[in-house]
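Colleague: I have the model open and would like to go through it with you. Could you take my questions one by one?

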Amino acid sequence: MTATNEPANPASDWAEAQFGPHRFYAGEGGGNTELRGARFGAADLRGARFTDCDLTGVTIRDGWLVDVSISGYLSNVTVNGVDVTDFVAAELDRRHPERVQFREGQTADDVRAIWDTIERLWAQALERAGRLPAAALMQQVNEEWSFAQTLRHLVFITDAWASRTVLDEEMPYHPLGLPQSWYPDADAAALGIDLTAQPGYAEILAVRADRMAVMRRIVAGLTDENLGRLCRRSPAPGYPDEERTVIGCIAVVMDEEIEHYRFAVRDLAVLEAQSAE
């Protein structure tokens, strides 16, 4: 998704998307470096868990990878001599064609069509979630965000990347919005966000619906000419101070919506299976 007056480089528009409850990435001062360059020989790493780790350049030779789960940004990932990067991307695109629609979007009409898709997908997800016990929607699957926490995060994303930037509102943040886990507690408190809040699911749904309506109003008023307009404000304190276009900010919101939908339905399947037992 790029502005019509910019080079066709989708990655440049959504490079700051925040997937999952974790950090942007662990490189360049973003994490513990004690194990950088470490070598593990004949080590038993069964059950190990790597979260928000920069594994660039890692080599696993003669390893046993059984029942292994890997998620994250992939590039030049070779397994037994085969680069699986394109295969994984193609399979994700097959399962989630909204990813392709997002990448290929160029115009204001494209943005509206993508948002139509996002609204439809999340309506389906909410319908599935509504058939589960309320407690299940607060349950984390494999230490990832619960369904309710995911909705709270998307509230924050809309506040930060739509209301704050595109609409130029100074303090649009809802108290139950949930920033990514790297975001400092003090900064969240300064925005009026209560990280200790335990809102009910109905309250979360109401705020989420309001933020979806904000995005609907924004995309409804878009024109090709204003996609490249520069936004004056950064999404929130702590974000890099750089120029951001309307289309760049909207693209972050939509990419977050698409990727978190993928995570949410993945975990809904687990919760549905548990509920059926």
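**Aromatic rings, helix packing and the core**

Modeller: Happy to, and let us start with F156: its relative accessibility is 1%, so F156 counts as buried. Please keep in mind that this is a predicted model.

Colleague: Thanks! Is Y183 buried or exposed?

Modeller: The cut-off for buried is under 20% relative accessible area. Y183 has 3% relative accessibility, so Y183 counts as buried.

Colleague: What kind of aromatic pair do F156 and Y183 form?

Modeller: The structure holds six aromatic pairs, and F156 with Y183 is one of them. F156 belongs to helix α5, while Y183 sits in the loop between α5 and α6 (185-190), 27 residues apart. Their centres are 6.1 Å from each other and the planes make an angle of 55°, and the pair is tilted.

Colleague: And why is the pair of W161 and Y239 given the class it has?

Modeller: A pair of aromatic rings is described by the distance of the centres and the angle of the planes. Planes over 60 degrees apart count as edge-to-face. For W161 and Y239 the centres are 5.8 Å apart and the planes stand at 80°, so the class is edge-to-face.

Colleague: How many residues apart in sequence are the parts that this pair ties together?

Modeller: Both W161 and Y239 are buried. W161 is in helix α5 and Y239 is in the loop between β3 (230-231) and β4 (244-245), so the parts tied together are 78 residues apart in sequence.

Colleague: Which residues form one aromatic cluster?

Modeller: We have met two pairs, F156 with Y183 and W161 with Y239. These residues belong to one cluster, which also takes in Y173. The full list is F156, W161, Y173, Y183 and Y239.

Colleague: Let us turn to the helices. How are α5 and α8 oriented to each other?

Modeller: The axes of α5 (residues 147-163) and α8 (residues 246-276) come within 10 Å and cross at roughly 175°. Angles over 145 degrees count as roughly antiparallel. That makes the orientation of α5 to α8 roughly antiparallel.

Colleague: How many nonpolar residues does the contact of α5 with α8 have?

Modeller: On the α5 side the contact includes F147, L154 and W161, and on the α8 side it includes V252, E256 and H260. By class, four residues of the contact are polar and two are charged, and the number of nonpolar ones is 10.

Colleague: Which element gives the largest share of the largest nonpolar core?

Modeller: That core has 59 residues, and W122, F147 and I250 touch the most other members. The elements giving two or more residues are α4 (108-130), α5, α7 (201-220) and α8. The largest share is 14 residues, and it comes from α8.

Colleague: Which residues is W122 in contact with, leaving aside its neighbours within four places in sequence?

Modeller: Some of these partners also belong to the contact between α5 and α8, among them F147, T150 and L154 of α5 and E257, H260 and A264 of α8. The full list for W122 is F147, T150, L151, L154, R208, E257, H260, Y261 and A264.

Colleague: One last residue: is D267 buried or exposed?

Modeller: D267 is in helix α8. Not counting residues up to four places away in sequence, D267 touches V141, E144 and W145. The relative accessible area of D267 is 9%, which means D267 is buried.

Methods
Residues are numbered from 1 along each chain as its sequence is written. This is a predicted model: local features need pLDDT of at least 70, side-chain atom pairs count only at pLDDT 80 or more; totals for chains, interfaces and linings use all residues. Side-chain values use heavy atoms; hydrogens and water are left out. Axes are lines fitted to C-alpha atoms, for helices over the stretch in contact, and angles run from 0 to 180 degrees between N-to-C directions. Helices (H or I, at least four residues) and strands (E, at least two) are DSSP runs, numbered from the N terminus. Angles under 35 degrees count as roughly parallel, over 145 as roughly antiparallel, 65 to 115 as roughly perpendicular and the rest as oblique. Contact means heavy atoms within 4.5 Å. Ala, Val, Leu, Ile, Met, Phe, Trp, Tyr, Cys and Pro count as nonpolar, Asp, Glu, Lys and Arg as charged, and the others, Gly among them, as polar. A nonpolar core is a set of buried Ala, Val, Leu, Ile, Met, Phe, Trp, Tyr and Cys residues joined through side-chain atoms within 4.5 Å. Buried means under 20% relative accessible area, exposed over 50%, partly exposed in between (1.4 Å probe, protein chains only). Rings of Phe, Tyr and Trp (its six-membered ring) pair if their centres lie within 6.5 Å; planes under 30 degrees apart count as stacked, over 60 as edge-to-face and the rest as tilted.
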